[in-house]
Amino acid sequence: MKRGFAACAAIATAAWLAAASLPGPVNDGYGDLVLVPGGPFKMGDNFGDGESRERPVHVVDVGSFYIGKYEVTNGHWRKFRDDPAYNDPKLWPNGRVVPKEQVPYWTNAQNHGGGTPDSDDFPVLGVNWDSAVAYCKWVSAKTGKTYRLPTEAEWEKAARGTDQRRFPWGNTIDRTLANYAGAQQYDTGMKVGSLKGASPYGAYDMAGNAMEWCADWYARDYYSISPKKHPKGPDTGAYRVVRGGSFFTDAFDLRTYGRSAAWPSFQAHRMIGFRLARDL
């Protein structure tokens, strides 16, 4: 019995020391970031209630990284939009700058667009994948750190941790935890962090509010061929992965293991925003 207790204490001490050696939350001036410790987790639909594209459940090992505590807001996006560097082709995939006027919801008050009053703390909506990547590169240039979109595997690890929970906070859902269809008279984004549903690492709105772009190309059968270490999705594709559900989807579609996809260059995805990831 004593040996068993000593072994448990040794394991607990080792885990505490490992956690203590990891860096804490950071903010480089472009929003709070929380740490997601590296290590393996089981990715995919362990509840058996999803789609075939969410199976098989498979073990994935990702390194430690930071992820945004909140989705990128209008206030942060405006800094990029107003910076002369916005028009630098080097920031944009394939050098194609998206004209500022093409962000379709920027001046739409019903969607709390960033060009309307009192909108700074709402998620930026209608930003396509190319624009999200350009923003990440701009923040990287400003900070000297490597900012990017999370991979699909990183996103799921950040959302559900290692215990295969259905939602970021646990296995049940209600309207105090997430913004999903029917929460408002007009379904749209809420201020980031308005609701109390947080992931195991302290990231908010990973279920509901805005869907979020991931770095990966999408393939329906990718889980069957995914490498265990640091998967980054297929080499090519037509669509990019989006995760997390939105204000316009039902509660079922907010599952941490739910997968969706969208055309990356299309500007009018009203439900889609994004969240930053950062290397250590």
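The exercises below, each with a worked solution, concern a predicted model.

**Exercise 1.** Determine which residues of strand β3 lie on its covered face and which on its uncovered face, and find the strand that β3 is joined to.

Solution. Begin with the strand itself, which spans residues 39-43: G39, F41 and M43 make up the covered face, whereas P40 and K42 make up the uncovered one. Next, look for the pairing, and you will find that 5 bridges join β3 to strand β4, residues 58-62, with the two strands running antiparallel. Finally, take F41 from the covered face and trace its bridge partner in β4, which is V60.

**Exercise 2.** Describe the largest nonpolar core, state which elements supply it, and list what W77 touches beyond its neighbours within four places in sequence.

Solution. The largest nonpolar core has 32 residues, and those with the most contacts inside it are W77, F80, Y135, L149, W213 and F274. Turning to the elements, β2 (32-36), α2 (74-82), α3 (129-143) and β7 (211-217) each supply at least two residues of this core, and the largest share, 8 residues, comes from α3. Now take W77 alone: once its neighbours within four places in sequence are set aside, W77 is in contact with V72, Y86, W106, V124, V127, S131, Y135 and F274. Apart from this core lies another, of 20 residues, among them A153, A158, A159 and Y222. As background, nonpolar side chains in soluble globular proteins tend to be buried together.

**Exercise 3.** Work out the strand order of the open sheet of 4 strands, and explain why β9 and β10 each have one side without a neighbour in the sheet.

Solution. Read across the sheet, and the order is β9-β8-β7-β10, with mixed pairing. Because β9 (260-262) and β10 (272-273) stand at the edges, each with a single partner strand, one side of each is left without a neighbour in the sheet. For β9, the pairing can be followed in detail: 3 bridges join it to strand β8, residues 240-243, in an antiparallel arrangement, and V241 stands opposite A261 in β9.

**Exercise 4.** Locate the surface patch that includes W263, and then decide whether P227 is buried, partly exposed or exposed.

Solution. W263 lies in the loop between β9 and β10, and together with Y239 and F266 it forms a nonpolar patch on the surface, with about 340 Å² of accessible area in total. P227, for its part, is found in the loop between β7 and β8. Its relative accessible area is 40%, and since partly exposed covers the range between under 20% for buried and over 50% for exposed, P227 is partly exposed. As a last step, compare positions: P227 and V124 are 103 residues apart along the chain, and their C-alpha atoms are separated by 33 Å.

Definitions and conventions: Residues are numbered from 1 along each chain as its sequence is written. This is a predicted model: local features need pLDDT of at least 70, side-chain atom pairs count only at pLDDT 80 or more; totals for chains, interfaces and linings use all residues. Side-chain values use heavy atoms; hydrogens and water are left out. Buried means under 20% relative accessible area, exposed over 50%, partly exposed in between (1.4 Å probe, protein chains only). Two strands pair if DSSP finds at least two bridges between them. A nonpolar core is a set of buried Ala, Val, Leu, Ile, Met, Phe, Trp, Tyr and Cys residues joined through side-chain atoms within 4.5 Å. Contact means heavy atoms within 4.5 Å. Patches are made of residues with over 30% relative accessible area and no salt bridge: like charges are joined within 9 Å, nonpolar side chains (Val, Leu, Ile, Met, Phe, Trp, Tyr) within 5 Å. Accessible areas come from the Shrake-Rupley method with a 1.4 Å probe; for residues, only the protein chains shown count as cover. A salt bridge is a side-chain nitrogen of Lys or Arg within 4 Å of a carboxyl oxygen of Asp or Glu.
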